[in-house]
Amino acid sequence: MSSVDLHSHSTHSDGLLPPVELVTRAHANGVTTYALTDHDELSGLTEARATAEALGMRFINGVEISVSWADETLHIVGLNFDPQQTAIAEGLRQVRVGRLARAERIAADLARVGIEGALEGARRHARNPELPSRAHFARYLVERGIVSDSNAAFRRYLTKGKPGYVEHQWATLPQAVGWIMAAGGVTVIAHPGRYGLNNKEREALLGEFRDLGGVGVEVVTGSHTADQYATWARYAQRFGLKASAGSDFHGPGESYLDLGKLPELPFGLTPVWADF
Ligand code: AMP
Ligand code: MN
Ligand code: MN
Ligand code: MN
């Protein structure tokens, strides 16, 4: 079991636990190097750091930035940066403004298939008013009894081609990588196995990301199967990228992997945290 966990979410985005409870759980599960990576938001970092340091853990500033790249939404995790820097703070503020507008369009789309009140419903679940996520819409659909669980909410309503999915323009890849670099941090491509990319597109993404100054890929994540660990370990080596690891924990019962329950990185990779 690895003592490193560099991907997780609090109530400052779409996680279910406030930073104090999240970090305390990570500590109890044996995590000693920990990053909070809320979607498009840095507001949980101060509280998370204070808790982690009081528990004697090494805390790494983190964020998971939503990016539009060639018809896909990608997630870029930024690590070990200065959250006070203007470019990252201002860039993310604009991403959050876009997210609010998207939430209205999602709700309008759901209303067209007879599901009323979704904006207010999702907002009730979103503890951070600037951060309505599809996860909050999913929780509303479950609460209404329209679907039996979050997975079904995504399968039937919140993914491409379904009522309740709207196209949206997030940050660009150069913006996301640039903001983190300007703040002195490193970027990794989150859960790369989850995107609908063919081999050629994967190679294009990895090449472009590396040329922009991107540093690593998540190899071990709750979103990957053991086969995908091996696949992305090979990609990392081929492209000279480092490897990251994180559970992507969102809350008890909402995530495949709990905090601190990750296997070690496959042999021969350079951990992105080696320089932290
Ligand atoms: P958003 O950034 O608002 O588009 O929401 C994306 C979030 O929805 C992800 O970070 C996950 O927390 C959640 N999510 C995405 N796909 C699924 C799924 N199939 N089942 C459950 N949660 C999902
Ligand atoms: Mn999420
Ligand atoms: Mn993600
Ligand atoms: Mn995540």
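How do the residues of the lining of the largest pocket divide into nonpolar, polar and charged? In this predicted model, the lining divides into 10 nonpolar, 19 polar and 13 charged residues. The pocket itself holds about 1,400 Å³ of space. Its lining is made up of 42 residues, and those closest to the centre are His-75, Arg-134, Phe-154, Thr-159 and Arg-194. Several elements each give two or more residues to this lining, namely the strands β3 and β4 (72-79) together with the helices α3 (86-112), α5 (134-143) and α6 (150-158). Strand β3 supplies the largest share, with 4 residues.

Strand β3 turns up again at one of the metal sites. The manganese ion (ligand 4) is held by His-7 (NE2), His-9 (NE2), Glu-64 (OE) and Asp-248 (OD), and these protein donors lie 2.1 to 2.2 Å from the ion. Reading along the chain, the donors follow the spacing H-x1-H-x54-E-x183-D. Two of them show how this site links distant parts of the chain: His-9 belongs to the loop between β1 (4-5) and α1 (19-28), while Glu-64 sits in strand β3 (residues 58-69), 55 residues apart. Are these two residues buried or exposed? His-9 has a relative accessible area of 0%, so it is buried. Glu-64 comes out at 1%, so it is buried as well.

Next comes the manganese ion (ligand 2), which is 4.6 Å from the manganese ion (ligand 4). Here the protein donors are Asp-14, which appears twice through OD atoms, plus His-39 (NE2) and His-250 (NE2), at 2.1 to 2.7 Å from the metal. What do the angles say about this site? They run from 52 to 156° among the 6 donor atoms, and the site is irregular. In sequence, the donor residues are spaced D-x24-H-x210-H. Again, distant parts of the chain are linked: Asp-14 lies in the loop between β1 and α1, and His-250 lies in the segment after β7 (242-246), 236 residues apart. Asp-14 has a relative accessibility of 4%, so it counts as buried. His-250 also counts as buried, because its relative accessibility is 13% and the cut-off for being buried is under 20%. A further manganese ion (ligand 3) is found 5.7 Å from the manganese ion (ligand 2).

Now for the sheet that includes β3. It is an open sheet of 7 strands, in the order β1-β2-β3-β4-β5-β6-β7, and the pairing is mixed. Why is one side of β1 and of β7 left without a neighbour in the sheet? Both stand at the edges with a single partner strand each, so there is nothing in the sheet next to their other side. As background, strands of a sheet pair through backbone hydrogen bonds, either parallel or antiparallel.

Both kinds of pairing can be picked out here. Strand β2 (residues 33-36) and β3 run parallel and are joined by 4 bridges, with Leu-36 partnered by Asn-61 in β3. β4 and strand β5 (residues 186-189) are also joined by 4 bridges, but these two run antiparallel. Gly-78 stands opposite Thr-187 in β5. From there, β5 pairs with strand β6 (residues 216-221) in the parallel sense, over 2 bridges. In β6, Val-217 is the bridge partner of Ile-189.

Methods
Residues numbered from 1 in each chain as written. Chains lettered and ligands numbered in written order. Predicted model: local features only at pLDDT ≥ 70, side-chain atom pairs only at ≥ 80, totals over all residues. Heavy atoms only, no water. Donors = N, O, S within 2.8 Å, 3.2 Å for Na, K, Ca; no water. Buried < 20%, exposed > 50% of the residue type's maximum accessible area, 1.4 Å probe, protein only. 1 Å grid on protein atoms, 1.4 Å probe; cavity = no way out; pocket = protein on both sides within 12 Å on 5 of 7 lines; lining within 4 Å. Points joined across faces, edges and corners; volume = space filled by probe spheres on them. Nonpolar A, V, L, I, M, F, W, Y, C, P; charged D, E, K, R; others polar. Tetrahedral: all angles 85-135°; square planar, octahedral: opposite > 155°, others 65-115°. Pairing = 2+ DSSP bridges.
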